Each structure stands twice: as structure tokens, then as C-alpha cells.
Amino acid sequence: PATFQYTAGQWVDMHIPDVSTVGGFSFTSTPDAPQALRDVVDTPTLPCFDLAIKGTAHPPAAWVHSPRCAVGTAVGVRAGGKFTLELISTPEAVSHVILIAGGVGINPLYSMLLDLASGKRLSMAVVTLLWSVRAMEEAFLLPQLEALSHSGSPFQGRLRVAVTVSRPGVGSLQGSSALPNIELLSGRVTPAVLQRLVAGVGGAAPKGSPVAFVCGPAEMTAFVVSALQHHCGFKKEGQDIHTEKWW
């Protein structure tokens, strides 16, 4: 219905015909700029948003990757979640927004990144995105991130993107020449990597307060939160560190 609303960073519950399990997926678009569906069909009275759904045996994901999921198929949707940029209580004091993703945890953070690119909030803050994947093949948003990192993008040089491959032997960093604005690393996220990225664009920490948003597997999330607190000067979860724990 026309009353459907969501905020960047939230998830959508998808109620699929003949599938008893409710599908929960994070948006990869902002309310102002969903692209995929508008390229296919004009839907002026229906909700329009982008999702990135990995094909697995989980019934909702399997349905999405089956012939049963086709243009014109009706599903029920409901948005929810509090993992949004609105968690920042004093945006005027924030100088650096740090987005840290593990695997498919990139989805809500990419939605937030697009929201930041719109310039409607935190338009002067430096933005850093760190995405940890097991293999390069999992980094499906590299072209979009490269475009946002370009000096001519809406960020105008305020965005820094780093992608680390935890299993560099699985896949490779080949093709990195096509990604001149993305820093490609190998290995797991470490306190040293976080310290350097928290320093911001150009290696000098921006004046003001940083805030971090973390979304990834449970073990990674716990490690990153601890490292931010003990090695990077962050205070505590719920204050200057915000996490999405979907597991």
C-alpha cells in the first residue's frame, strides 16, 4: 500500500504465498532511490525497494531464487528495525561515520551509505566503510562502492572504502586495477586495521566525535565492538557504537 514506509538500515519481513517461514531481509536502497523494480515495471501505488538476497536453502531465499518469484507475484511486506542513522542522538557533533560489515551484513550499511550520499544528513562528516568478506566473489557491491568512492561522487572525497578478504586463497585480488578508489586488504579485521581506518581520510582523525555502525556474524561483531572500545577510543555499545544482531 501507499502507506508503506521504511528508513535506510531497516529490514523488511516478507510474507510469501505457500511459504510458512517469514523472510527477513535488509534493504539495499533508500526510500528516495530504489532502482531495480522501477527499471522493470511502473508501480506508482506499490512499495518499491531493492534487496540483495543470497541464494540458500532457507525457504524464503530459495523462493526468491526460484521461478515462482516473478514480476506480478504478490507478497506481503512489513518494515521494521531500529538500526538506522537516526540512532545518532547529536548528529551535529559527529565528524566521522564508520560502517563495518561482515559478509551479507553489508546490506543495511549500504542502504545507510546511500542515505549519506544524498546529503540530507551528516553532509560534512567523513565516512569510512570497511567490508570483510571470505572471498572476492562475495563482494558483489564493488562496482557501486567504487562509483561512490570516486572524487566526483556526491561524497566529494569524504568517503573511504576498504574491503578485506579473510581467505585470500579463495578467490583473489585480481582485477583490483579496476577499483582504484577501494583499498583491498587480505586477512581478517584486526585492531590495527580498525585503528588506521578510524583515523579517517588522509590519516588524520577528523575533529569531533566518531560513531560506528557494525553488522556481521556474531563472532565478528563481538570482536569489532571490543576492538573499537579497547584500541580505538570508543565508549560503549548503544552510545557511539551501534550494532545489528539479526542472528
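Two strands count as paired if DSSP finds at least two bridges between them. On that basis, this predicted model holds an open sheet of three strands, ordered β2-β1-β3, with antiparallel pairing. Strands β2 (23–26) and β3 (76–80) form the edges, each pairing on one side only. Neighbouring strands of the sheet are turned against each other by 25° on average, direction ignored.

Strand β1 covers residues 11–15 and runs antiparallel to β2, joined by four bridges. One bridge can be named: Val 12 has Phe 25 in β2 as its partner.

**Helix packing**

Helix α4 (residues 191–198) packs against α5 at an angle of about 65°. The two axes lie 10 Å apart. The crossing is right-handed. Which residues make the contact? The table lists them by helix.

| Helix | Residues in the α4–α5 contact |
|---|---|
| α4 | Pro 191, Leu 194, Gln 195, Val 198 |
| α5 | Phe 223, Val 224, Ala 227, Leu 228, His 231 |

By class, the contact residues divide into seven nonpolar, two polar and no charged.

**Second largest pocket**

Helix α5 also takes part in a pocket lining. The second largest pocket encloses about 630 Å³ of space. Its lining counts 23 residues. Nearest the centre lie Gly 102, Gly 103, Ser 132, Arg 134 and Pro 217. Three elements each give two or more residues to this lining: α2 (106–117), β5 (126–133) and α5 (218–231). What is the make-up of the lining by class? The lining of the second largest pocket has 12 nonpolar, five polar and six charged residues. The α4–α5 contact, by comparison, has no charged residues.

Key
Residues numbered from 1 in each chain as written. Predicted model: local features only at pLDDT ≥ 70, side-chain atom pairs only at ≥ 80, totals over all residues. Heavy atoms only, no water. 1 Å grid on protein atoms, 1.4 Å probe; cavity = no way out; pocket = protein on both sides within 12 Å on 5 of 7 lines; lining within 4 Å. Points joined across faces, edges and corners; volume = space filled by probe spheres on them. Nonpolar A, V, L, I, M, F, W, Y, C, P; charged D, E, K, R; others polar. Axes fitted to C-alpha atoms, helices over the stretch in contact; angles between N-to-C directions. Left-handed = near helix turned anticlockwise from the far one by under 90°. Contact = heavy atoms within 4.5 Å.
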